[in-house]
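Here is a short briefing for a first look at a structure. Have the sequence and the 3D view open as you read.

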Amino acid sequence: MMNLDENNITEEVVRRIENTPDKRLKEIMTALVKNLHTFAREIRLTEAEWMKGVEFLTKTGQISDEVRQEMILLSDTLGLSQLVVAQNHSRPQGATEQTVFGPFHVEGARTLPAHGADIGGEAVGDPLWVTARITDLDGRAVSDTLVDVWQADSAGFYDVQDTDWKLDDAELRAVVKTDAEGRFSFRSVMPSSYPIPMDGPVGQMMRATNRHPMRPAHIHFMVRKAGFDTLVTHVFADGDAYLDSDAVFGVRSSCIGNYIRHEPGVTPDGTNSENPFYTLDYVFKLVRSEK
Ligand code: BEZ
Ligand code: FE
């Protein structure tokens with residue numbers, strides 16, 4: 001069709017993709033075109049604004065690589081990541097809820113024993129002892145489960161944010177295999193709230209829309225076991241000032257953990273700490289799946 005105008009162009013674009021062989025791709029592309037056009041009409045997008053948007057997305061792509069995941073950050077800060085997570089992992093009452101994956105997980109972190117590891121290395125911060133257990137919804141232990149753990153240090157930085165970071169330098173991340181009772185424990189440092197990376201296009205967007213960049217203190221966990229829905233979640237620190245306004249909308253009240261502050265004294269591993277330290281005890285409840 002020729003002489004398309006602002007009213008009939010959508011119909012024509014949709015007609016052009018009618019023969020897409022993959023049914024799901026056809027559905028996705030059709031909805032994408034319709035919604036994009038609706039958006040442009042609704043706000044009466046100008047050419048200058050369209051160009052600004054193109055430049056923004058170009059910069060977001062250009063700054064992204066395997067470690068710097070600005071595209072994911074954009075999705076996270078627009079609430080799209082948590083929306084997709086929520087609609088794909090609605091879980092029964094009592095199950096641990098799914099949250100955003102975030103950009104700082106790394107495949108291939110060292111595997112450490114179920115108990116006694118110190119994942120903190122040289123990281124600064126108040127010592128933290130974590131004890132945890134994996135169960136099914138009936139409270140039965142899920143043994144021999146792989147648990148990826150990753151977190152920021154007490155200054156709010158992930159190891160991968162160091163420019164010359166290598167996997168061999170990994171700190172504050174590990175894979176732990178639970179014992180036969182589904183238990184695992186490790187020593188680390190107490191996380192603190194921290195800002196998402198603000199030195200790229202997403203940071204510009206956050207500032208332009210007058211949003212704060214903070215995430216409440218948390219540790220990330222990914223729990224993988226055949227026969228169960230893989231759990232990607234965080235355990236947030238109770239009382240954190242940003243629980244209600246997480247920059248990436250990831251907080252679920254069921255994922256708030258009881259990080260307890262202890263005065264100096266004897267720690268869970270029997271050593272004496274001259275500084276205050278923390279403990280966290282948490283139960284992850286998995287849901288069975290066919291896959
Ligand atoms: C994180 O917690 O690691 C994170 C998640 C989403 C965006 C930025 C950071
Ligand atoms: Fe994080």
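The points below cover sheets, helices, a surface patch and two single residues.

This is a predicted model. One open sheet holds 5 strands, with mixed pairing. Helix α4 is mostly covered. A nonpolar surface patch covers about 870 Å².

**The open sheet**

- The strand order is β2-β6-β3-β15-β12.
- The edge strands are β2 (117–118) and β12 (259–262), and each of them pairs on one side only.
- Strand β3 spans residues 127–135. Of its 9 residues, 7 are buried, so β3 is mostly covered under the 20% cut-off for relative accessible area.
- β3 pairs with strand β6 (residues 183–189) in the antiparallel sense, over 7 bridges.
- Two pairs can be picked out along β3 and β6. Arg 133 has Arg 183 as its bridge partner. Ala 132 stands opposite Phe 184.
- β3 also pairs with strand β15 (residues 277–285). Here the strands run parallel, and 8 bridges join them.
- One bridge to find in that parallel pairing is Trp 129 with Thr 279 in β15.

**Strand β4 and its partners**

- Why is β4 described as largely enclosed by the rest of the structure? Because 4 of its 5 residues are buried.
- β4 and β5 run antiparallel and are joined by 5 bridges.
- In that pairing, Leu 146 has Lys 177 of β5 as its bridge partner.
- β4 also pairs with strand β9 (residues 218–224). This pairing is antiparallel too, over 5 bridges.
- To locate it, look for Trp 150, whose bridge partner in β9 is His 220.

**Helix α4**

- Helix α4 runs over residues 70–77, and 6 of its 8 residues are buried.
- The buried residues are Glu 70, Leu 73, Leu 74, Ser 75, Asp 76 and Thr 77.
- Which helices do the buried residues of α4 pack against? They pack against α3 (47–62), α5 (80–88) and α6 (201–208).
- Gly 79 follows α4, and its phi is positive, near 80 degrees.

**The nonpolar patch**

- The patch is made by Leu 25, Met 29, Leu 32, Leu 36, Phe 39, Ile 43, Leu 45, Trp 50, Met 51 and Val 54.
- Helices α2 (23–43) and α3 each supply at least two of its residues.
- Which helix gives the most to the patch? It is α2, with 6 residues.
- Leu 36 belongs to both pictures: Leu 36 is found in helix α2 and is one of the patch residues.
- Leu 36 has a relative accessibility of 47%, so Leu 36 counts as partly exposed. That value falls between the 20% limit for buried and the 50% limit for exposed.

**His 234**

- His 234 is found in strand β10 (residues 231–237).
- Is His 234 buried or exposed? It counts as buried because its relative accessibility is 0%.
- The side chain of His 234 makes a polar contact of 2.6 Å with the side chain of Thr 99.
- Another polar contact, of 2.8 Å, links the side chains of His 234 and Arg 215.
- Leaving out residues up to four places away in sequence, His 234 touches Thr 99, Val 100, Arg 215, His 218, Ile 219, His 220 and Cys 255.
- His 220 ties this site to the β4 pairing: His 220 touches His 234, and His 220 is the bridge partner of Trp 150.

**Ser 154**

- Ser 154 is found in the loop between β4 (146–150) and β5 (173–177).
- Its relative accessible area is 29%, so Ser 154 is partly exposed.
- What is 2.7 Å from a polar atom of the side chain of Ser 154? It is the backbone oxygen of Val 124.
- Beyond its neighbours within four places in sequence, Ser 154 is in contact with Val 124, Gly 125, Val 189, Met 190 and Ser 192.
- Ser 154 and Ser 193 are 39 residues apart in sequence. In space they are 8.2 Å apart, C-alpha to C-alpha.

Methods: Residues numbered from 1 in each chain as written. Chains lettered and ligands numbered in written order. Predicted model: local features only at pLDDT ≥ 70, side-chain atom pairs only at ≥ 80, totals over all residues. Heavy atoms only, no water. Buried < 20%, exposed > 50% of the residue type's maximum accessible area, 1.4 Å probe, protein only. Contact = heavy atoms within 4.5 Å. Polar contact = N/O pair within 3.5 Å; in protein donor to acceptor, adjacent residues only side chain to side chain. Patch = residues over 30% accessible without salt bridge, like charges linked within 9 Å, V, L, I, M, F, W, Y side chains within 5 Å. Areas by Shrake-Rupley, 256 points an atom, 1.4 Å probe, with all protein chains shown as cover. Salt bridge = Lys/Arg side-chain N within 4 Å of Asp/Glu carboxyl O. Pairing = 2+ DSSP bridges.
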